[in-house]
Amino acid sequence: MKTWKILNQEKLEKSENIIGVILENRGLSSEKAKKEFLNPKESSQITAKELDISLINLNKSLKRIQKAIKSKEQIIVYGDYDCDGITATAIMWQTLFNLGAKVLPFIPDRADEGYGLSVAGLNNLMEKIPETKLVITVDHGIVAVEQTEYAQKELGLDIIITDHHTKGKKLPKAFAIIHTTKLSGSGLSWFVANQIKNTTNHLSPTTNHLDL
């Protein structure tokens, strides 16, 4: 049986500045850190640099996605079956769909295809949707070295990886990698989706998806 322990419980009971103690418990001790937490930057102003995202890879991804949208190539948003992965998939798929892309979501079967990119999942995907040209991963892919190589060399797919998990010793040789550990998988999907919207000239209405 687990017992919850409240940090600085005595201080919380005695202090008139409860918010200050709670922020301290979260590791926010400086006035600057507290101010940034209580008054966050407008979401649309968050930059790739702040997230440690490679601008080269981001721009390369955006150009490839724009090309796929314009030429009506089949795009697959390859997600994951957990909460973060499904949300990330929904954000990316709906954004691309609203922009006129030919796009479908793909969630792997947990029992038969397993987590993330897998040879079984990729083969099943191509069997069901053989016209697929571009695969965008959300919430996974950063350690899928062999799987990415298989997808690109054997199946002729371009793979764009968007992931927030810790990198391995070796990176996949994907078409492009958009990686940060400063957001969740769905948060990164949201950031990339906004970048796509900002660089795609399209008259159809799009939504922010920040609620997801």
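# A guided tour of the predicted chain

Start with the whole chain selected: of its contacts with a separation of 6 or more, 65% are between residues 24 or more positions apart, where contact means heavy atoms within 4.5 Å. The model is predicted, so local features need pLDDT of at least 70 and side-chain atom pairs count only at pLDDT 80 or more, while totals for chains, interfaces and linings use all residues. Residues are numbered from 1 along each chain as its sequence is written, and side-chain values use heavy atoms, with hydrogens and water left out.

**The overall view**

Switch to a cartoon and you will find 8 helices and 5 strands. Both are DSSP runs numbered from the N terminus: helices are H or I with at least four residues, strands are E with at least two. Walking from the N terminus, the order of elements is α-α-α-α-β-α-β-α-β-α-β-β-α. The C-alpha trace spans about 65 × 45 × 30 Å along its principal axes. Colour by accessibility next: 43% of the 212 residues are buried. Here buried means under 20% relative accessible area, exposed over 50%, and partly exposed in between, with a 1.4 Å probe and protein chains only.

**Helix 5**

Now select residues 83-98, which form helix 5. The expected span of a helix is 1.5 Å times one less than its number of residues. For the 16 residues of helix 5 that gives 22 Å, and the end C-alpha atoms are 22 Å apart, so the two agree.

Show the side chains that are buried in helix 5: Asp84, Gly85, Thr87, Ala88, Thr89, Ile91, Met92, Thr95, Leu96 and Asn98. What covers them? Among the covering elements are helix 4 (55-70), strand 1 (74-78), strand 2 (102-106), strand 3 (132-138) and helix 8 (185-198). Just past the helix, click on Gly100, which follows helix 5 and has a positive phi, near 90°.

**Helix 5 against helix 8**

Keep helix 5 and add helix 8. Two packed helices are described by the angle between their axes and the distance between the axes. The axes of helix 5 and helix 8 come within 8 Å and cross at roughly 10°; axes are lines fitted to C-alpha atoms, for helices over the stretch in contact, and angles run from 0 to 180 degrees between N-to-C directions. Helix 5 and helix 8 are therefore roughly parallel to each other, the word used for angles under 35 degrees (over 145 is roughly antiparallel, 65 to 115 roughly perpendicular, and the rest oblique).

To see the contact itself, select Asp84, Thr87, Ala88, Ile91, Met92, Thr95 and Leu96 on helix 5, together with Gly185, Ser186, Ser189, Trp190, Val192, Ala193, Ile196 and Lys197 on helix 8. These residues divide into 8 nonpolar, 5 polar and 2 charged. In that tally Ala, Val, Leu, Ile, Met, Phe, Trp, Tyr, Cys and Pro count as nonpolar, Asp, Glu, Lys and Arg as charged, and the others, Gly among them, as polar.

**Salt bridges**

A salt bridge here is a side-chain nitrogen of Lys or Arg within 4 Å of a carboxyl oxygen of Asp or Glu, and the count comes to 6.

Centre on Arg64, which is buried at 8% relative accessibility. Its salt bridge to Glu73 has its closest N and O atoms 2.9 Å apart, and Glu73 is buried too, at 15%. Asp158 also bridges to Arg64, with 2.8 Å between the closest N and O atoms. That pair links distant parts of the chain, with Asp158 in strand 4 (residues 158-163) and Arg64 in helix 4, 94 residues apart. Asp158 is partly exposed, at 23%. Arg64, Glu73 and Asp158 are linked in a network of salt bridges.

Then move to Glu31 and Lys34, whose side chains meet in a salt bridge at 4.0 Å, N to O. They sit 3 residues apart in helix 3 (residues 31-38), about one helical turn. Glu31 is exposed at 60% relative accessibility, whereas Lys34 is buried at 17%.

**Last stops**

Select Met126 in helix 6 (residues 119-128), a buried residue at 15% relative accessibility. Which residues does Met126 touch, not counting those up to four places away in sequence? They are Thr132, Leu155 and Leu157. The C-alpha atoms of Met126 and Leu155 are 8.1 Å apart, with their positions 29 residues apart along the chain.

Finish with Asp139, in the loop between strand 3 and helix 7 (145-153). Its phi is positive, near 70°, in a residue other than glycine, and Asp139 is buried, at 2%.
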